[in-house]
Amino acid sequence: MTDWHKTACSLCYVNCGIEVQTEGRAITRVRGDRENPRSRGYLCQKAQRLTWYGDHGDRLTTPLRRREDGTHEAVSWETALGEIAAKLRSVRDEDLAANRPGSLAYVGGGGQGNHSGGGYGLALRNWMNSKRFFGALSQEKTGDFWVNGKMFGGQTNHTAEGVDECDLLLVIGCNPWLANGFNRARSAVNDIKNDPARRMIVVDPRRTETAEVADVHLPLRPGTDAYLLGAMLALIVQRGGQDEAFLAQHTGGFDEVAASLRKIPVDEWIAHAEVDRADVDQAVDLILAAEAMTVRVELGIQQGRNSTLNSYLEKLLYLVTGNFGRPGTNALHTWLMPLWSESRGDRSEITGFEYIGGMLPLNTLAEEILADHPHRARVLWVESSNPANTAADTLATERAIRAAELSVVIDVAYTETAALADYVLPAASQHEKWEFTFFDFEFPTNYFHLRPPLFEPLPGTLVEAEIYARLFEELGVMPDIEPLRNVDPAHLLKAAAPLLQENPAIAPVLLYRTLGATLPNGAASVAVLWPACLTLVKRMSVAVQRALETDLEGPALAAELFDRILRSPSGLAFTKHEYDEVWQLMRHDRVHLAVPELLSWLEKLDPARDRPDPEYPLSLINGQRRRHNANQILRPPSWRRTDQEGALHVRTDDLAAIGAAEGDWVAVVTRVGRIVVRAEIDDSLRKAQVALPHGFGMSVPDGHGGRVWHGPRINLITDAHDRDPIAGTPHHKDMPVRLEPAIPDEIEAAERDAAVIRELIASGA
Ligand SMILES: Nc1nc2c(c(=O)[nH]1)N[C@H]1C(S)=C(S)[C@@H](COP(=O)(O)OP(=O)(O)OC[C@H]3O[C@@H](n4cnc5c(=O)[nH]c(N)nc54)[C@H](O)[C@@H]3O)O[C@H]1N2
Ligand SMILES: Nc1nc2c(c(=O)[nH]1)N[C@H]1C(S)=C(S)[C@@H](COP(=O)(O)OP(=O)(O)OC[C@H]3O[C@@H](n4cnc5c(=O)[nH]c(N)nc54)[C@H](O)[C@@H]3O)O[C@H]1N2
Ligand code: SF4
Ligand SMILES: [Mo]
């Protein structure tokens, strides 16, 4: 009998608890972990393919240094860290001498399954006196954070959904059937479908798998969400559907909102969205009849036109109707440690964009580095992210990586970003170290899951904490911790407190080297969770006591929480609230419904100005979630059971319009670029809508000593300047494009690559 080991799936941010069997470094079997109190045994079609993440030939096993000719050579950890430290020190000194802001640009800090390394990156930014932080979140969610800051008072006042208990699920711009995005998504959608008392509305241009089972599907024209949601809100208020008691008790500013909504030309806006008025009325009927509605949104509106405004309107839908803070509605959730921070209006000197949640738009990374400005970014530090594929405008991003005076990538695989970097540092994989995420978005009970390692680190790799500890030692900024070596672990934190207070910038590294060294089973990098436990207990001890079913208080409660986290391989509940305590999580005293910047944006919307460009008449979903894509996490071609080439999805009529047929190579053309892809029919798309998959564009070993491109590099055609005015997020879900038949040279090159990929898949690589 082979043992089952507990861990979590890291292929999307839901992080389902799973159990796996292993052989060598391979994961041979995967099943849902029924003991995980949150995911309760659920998993989706991707989890079975998890072994392709850590067990393949493109894993990094040694630090690499870039040669003059652009190729990489292996160097020792001492050499790599010594040279990096020397360069960092000299840039830091120059920054200080020139009295300019720190010129380190930091990208990433954690992917879908790994946040254990992120804290050390913060230490590095602190030491380099730099705030410049970019990441995946700052090209999808920062508009949402900005709105939360205005309405609830905190950019970390992030919302949860009550999908399991709602009687109406309103899905806007996301496809939980394929992308999940919330706990047990497919089961939850099926439960609603099979219960005649529960309803679902889907707002999505495409007739998605989720829309297929909805009671009402509003297939709006891409990019018109603000019009449709505005019209729906106007109808709700016209019909007196606002929850007066809720509004009076918990909110302010409704009258200003209502005044703006009353100006909306409802029929004109609905016509602009190209949906049937009768369907909109039916959706509004369902919303007004619902006892408990929950609204679930994602990239369709967050990476769509009017992104930040959409995030506001979506929240108004549940707040105006009083669907908040009750079972089955939206709510705020707790954090073991917030994944982002609070910004107070600081702006980039280079682009003028505001920091939101501590981040600058990823879309502006290349500008920050390439700008002709004395305060441009000079060092690029990338950890657990692959911006050469995932940031808008690939060519500009590649130029920026090369232009940086120092570029360092910490990753497990030889990514497209790593291939361009001055130094590449190999990390132990998520299955080779203690790992966790802060993607804990549940209310009233919230959960945390610390996963023990399945394997020893691959020889040559180090966990992030160790990489940073050695780097700071190399930088000569680590204080002497020798006197702490023989202190009894029970008194260690007290003994270390002065050191931590004197060196707040590098606290994570100090915790790792001190407290970490006393933790069992090599769990040293878990030490960073200790201050999180202390802070949480100070803020909400009752909720922690309830979750742990204990009367302990203060530091003893924090110690108990920390200990339970270490001893709960299936995860645990860490806070448990009563519903009406949701208001304690909010920073404002009441919800500020009126956000002047967004109300004036709403009032300025003009259907006459928002028409498709005749030169680029189609709307591209540039980065669709499909059955077998998973960001940039799974790289070997063989992992994909479906969509192995990463095809363009297009309707029969839109494809015929350029004289092409299914299986042909076609060019997708934007203002900034052109890529060639295989066409595949999907008539569930809306007329004039096409889709390219997320999670491709990898350069993989071709089996003959070279490399070959696998699937479209979709951000080659993304205009980084087509972005939200507040958050700077790209409009990936509504990119203006046109299709053209590919030319013979393009077809020949595409066929050549495709043949190599087919060979690789046939050989299981
Ligand atoms: N299979 C799979 N699952 C994943 C991932 C993955 O790579 N693969 N990645 C994970 C990550 S990081 C994220 S952020 C989530 C994203 O999850 P989702 O946001 O659910 O996924 P997308 O496919 O990007 O787009 C969502 C939907 O937006 C619709 N859409 C396009 N344009 C518009 C529009 O103008 N208005 C509206 N209302 N809808 C529009 C599309 O038709 C699509 O159905 O998925 C996560 N889950
Ligand atoms: N056009 C277009 N672009 C998009 C999107 C889109 O829809 N369209 N979606 C966007 C979205 S929502 C997201 S979330 C981003 C995702 O894009 P990225 O931020 O680039 O993140 P991932 O694709 O998750 O890549 C994570 C990286 O972490 C590495 N990694 C895995 N485990 C570890 C580890 O333990 N340690 C270290 N150091 N590294 C590790 C992986 O090898 C991989 O290179 O893409 C965005 N880009
Ligand atoms: S929903 Fe996400 S975390 Fe869960 S099994 Fe699927 S990919 Fe993995
Ligand atoms: Mo994402």
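T51 is buried, because its relative accessible area is 17% and the cut-off for buried is under 20%. This residue sits in helix α1, which covers residues 51–54. The model is predicted. The points below move from T51 to the domains, then to helix α3 and the two ligands.

**T51 and its surroundings**
- Which residues does T51 contact, leaving aside its neighbours within four places in sequence? They are R25, A26 and I27.
- T51 also falls inside the bounds of domain 1, which runs over 5–52.

**Domains**
- The protein is divided into domain 1 (5–52), domain 2 (64–138 + 338–442 + 445–576), domain 3 (159–331 + 588–602) and domain 4 (613–763).
- Domain 2 is written as three segments, and domain 3 as two.
- The centres of domain 1 and domain 2, taken over C-alpha atoms, are 25 Å apart.
- Contacts join these two domains: 22 residues of domain 1 touch 22 residues of domain 2.

**Helix α3**
- Helix α3 spans residues 118–127.
- Which of its residues are buried? They are Y120, G121, A123, L124, R125 and W127.
- An α-helix has 3.6 residues a turn, so residues three or four places apart point the same way.
- The buried residues of α3 pack against three helices: α2 (77–97), α18 (464–475) and α20 (507–513).
- They also pack against three strands: β6 (104–108), β7 (133–134) and β15 (379–383).
- After α3 comes N129, whose phi is positive, near 55°.

**Ligand 1**
- How many residues surround ligand 1? There are 34, and the closest are D204, D225, R626, N629 and K733.
- By class, this shell holds 13 nonpolar, 12 polar and 9 charged residues.
- R626 places a backbone N or O atom 2.8 Å from a nitrogen atom of ligand 1.
- L178 does likewise with a backbone N or O atom, at 3.1 Å from a nitrogen atom of the ligand.
- N631 has a polar backbone atom 2.9 Å from an oxygen atom of ligand 1.
- On its own, ligand 1 has 920 Å² of accessible area, and the protein covers 99% of it.
- Three elements give two or more residues to the shell: α5 (176–179), α13 (299–302) and β21 (618–624).

**Ligand 2**
- Around ligand 2 there are 32 residues, the closest being N386, D411, E464, N622 and R625.
- This shell divides into 9 nonpolar, 17 polar and 6 charged residues.
- The side chain of S384 has an N or O atom 3.1 Å from an oxygen atom of ligand 2.
- S385 also offers a side-chain N or O atom, 3.1 Å from an oxygen atom of the ligand.
- At N622, a polar backbone atom lies 2.6 Å from a nitrogen atom of ligand 2.
- Taken alone, ligand 2 exposes 910 Å², of which the protein buries 97%.
- β16 (406–411) and β21 each supply at least two residues of the shell.
- Why does ligand 2 lie between domain 2 and domain 4? Both domains give residues to the shell around ligand 2, so the ligand lies between them.

How values were computed:
Residues numbered from 1 in each chain as written. Chains lettered and ligands numbered in written order. Predicted model: local features only at pLDDT ≥ 70, side-chain atom pairs only at ≥ 80, totals over all residues. Heavy atoms only, no water. Near = heavy atom within 4 Å. Polar contact = N/O pair within 3.5 Å; in protein donor to acceptor, adjacent residues only side chain to side chain. Areas by Shrake-Rupley, 256 points an atom, 1.4 Å probe, with all protein chains shown as cover. Helix = DSSP H or I, 4+ residues; strand = E, 2+ residues; numbered from the N terminus. Nonpolar A, V, L, I, M, F, W, Y, C, P; charged D, E, K, R; others polar. Buried < 20%, exposed > 50% of the residue type's maximum accessible area, 1.4 Å probe, protein only. Contact = heavy atoms within 4.5 Å. Domains from an automatic or database assignment.
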